[in-house]
Amino acid sequence: MGAIYRLAQRTDASRLHDIRRRSIRELAPPRISVAEAQAWASKLTLSGMEQKLHELEIWVAELDGIVAGWGAIRADRLEGLYTAPEFAGQGVGAGLLGMLEGLLRDREFPSVHAEASSNARDFYLRRGYRAAGPQTQDGAWPIMKGLLT
Ligand SMILES: CC(C)(COP(=O)(O)OP(=O)(O)OC[C@H]1O[C@@H](n2cnc3c(N)ncnc32)[C@H](O)[C@@H]1OP(=O)(O)O)[C@@H](O)C(=O)NCCC(=O)NCCS
């Protein structure tokens with residue numbers, strides 16, 4: 001899957017916001033209900049995405065020049081991973097995740113931590129993550145993966 005990875009720019013905000021909303025609405029069900037996915041997506045705003053671009057290190061995966069997904073990190077935390085529905089199941093999410101883990105490994109972080117949504121938890125567990133605590137009050141699952149082995 002010949003994705004090209006680049007750092008996101010402020011001008012990507014609306015595209016990344018759109019991918020985030022659509023990925024939740026279209027890819028999270030049926031692992032969570034349509035109503036839950038709609039409620040989650042409806043909370044998201046363009047200004048929230050602009051804030052993320054300001055606060056996080058966000059990487060974009062492009063296929064043939066088209067933005068197919070994005071993932072965010074801050075220090076040793078994965079802060080989001082989203083694939084545009086039209087590119088789902090083509091390895092975009094797994095490729096971005098592996099690339100971000102490689103960046104953290106190069107920066108000598110011993111592990112990567114995240115809070116997985118219920119729908120994506122199995123995706124991470126199949127990629128070497130393990131549970132790192134009880135479900136949070138807002139329904140996320142703390143997970144982590146060692147990077148040194
Ligand atoms: C989770 C997500 C990023 C995966 O993206 P993707 O590009 O479709 O994933 P890939 O093509 O790399 O999938 C790789 C594998 O994971 C599986 N998979 C994809 N989404 C999955 C999910 N939500 N749960 C479990 N497995 C999943 C695929 O079937 C594939 O399986 P395989 O390796 O056995 O072939 C995408 O479904 C998404 O954006 N979901 C909505 C937003 C979200 O929940 N993000 C995570 C927030 S913590």
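Which residue has a polar backbone atom 2.7 Å from a nitrogen atom of the ligand? That residue is Leu 81, and it makes a good place to begin a walk through this predicted model.

Let us stay with the ligand for a moment. It is surrounded by 24 residues, and the closest are Leu 81, Gly 91, Gly 93, Ala 94 and Asn 119. Two of these residues approach an oxygen atom of the ligand: Gly 93 does so with a backbone N or O atom, at 2.8 Å, and Asn 119 with a polar side-chain atom, at 2.8 Å. Taken on its own, the ligand has 890 Å² of accessible area, and the protein covers 79% of that.

Gly 93 leads us on to helix 4, where it is one of the buried residues. This helix runs over residues 92-106, 15 residues in total. From its first C-alpha to its last it reaches 21 Å, close to the 21 Å expected at 1.5 Å a residue. An α-helix has 3.6 residues a turn, so residues three or four places apart point the same way. Keep that in mind as you look for the buried residues of helix 4, which include Val 92, Leu 96, Leu 97, Leu 100, Leu 103 and Leu 104. Glu 101 is buried in this helix as well. Just past the end of helix 4 you will meet Glu 108, whose phi is positive, at about 65 degrees.

Now for the aromatic rings. A pair of aromatic rings is described by the distance of the centres and the angle of the planes. The model has three aromatic pairs. In one of them, Trp 70 and Tyr 82 are tilted, with 4.8 Å from centre to centre and 40 degrees between the planes. This pair links distant parts of the chain, since Trp 70 belongs to strand 3 (residues 66-74) and Tyr 82 to strand 4 (residues 77-83), 12 residues apart. Both Trp 70 and Tyr 82 are buried.

Another pair is edge-to-face: Phe 123 and Tyr 124 have their centres 5.4 Å apart and their planes at 80 degrees. Is each of these two buried or partly exposed? Phe 123 has 25% relative accessibility, so it counts as partly exposed, while Tyr 124, at 8%, counts as buried. Ring pairs join Phe 123 and Tyr 124 with Tyr 129 in a cluster.

Phe 123 also has a charged companion: the charged end of Arg 127 sits over its ring, 4.6 Å from the centre. To finish, look for Arg 121, which lies over the face of Trp 141 at 4.0 Å from the ring centre.

Definitions and conventions. Residues numbered from 1 in each chain as written. Predicted model: local features only at pLDDT ≥ 70, side-chain atom pairs only at ≥ 80, totals over all residues. Heavy atoms only, no water. Phe/Tyr/Trp six-rings, centres within 6.5 Å; stacked < 30°, edge-to-face > 60°. Helix = DSSP H or I, 4+ residues; strand = E, 2+ residues; numbered from the N terminus. Buried < 20%, exposed > 50% of the residue type's maximum accessible area, 1.4 Å probe, protein only. Lys NZ or Arg CZ within 6 Å of the ring centre and 35° of its normal. Expected span 1.5 Å × (residues − 1). Near = heavy atom within 4 Å. Polar contact = N/O pair within 3.5 Å; in protein donor to acceptor, adjacent residues only side chain to side chain. Areas by Shrake-Rupley, 256 points an atom, 1.4 Å probe, with all protein chains shown as cover.
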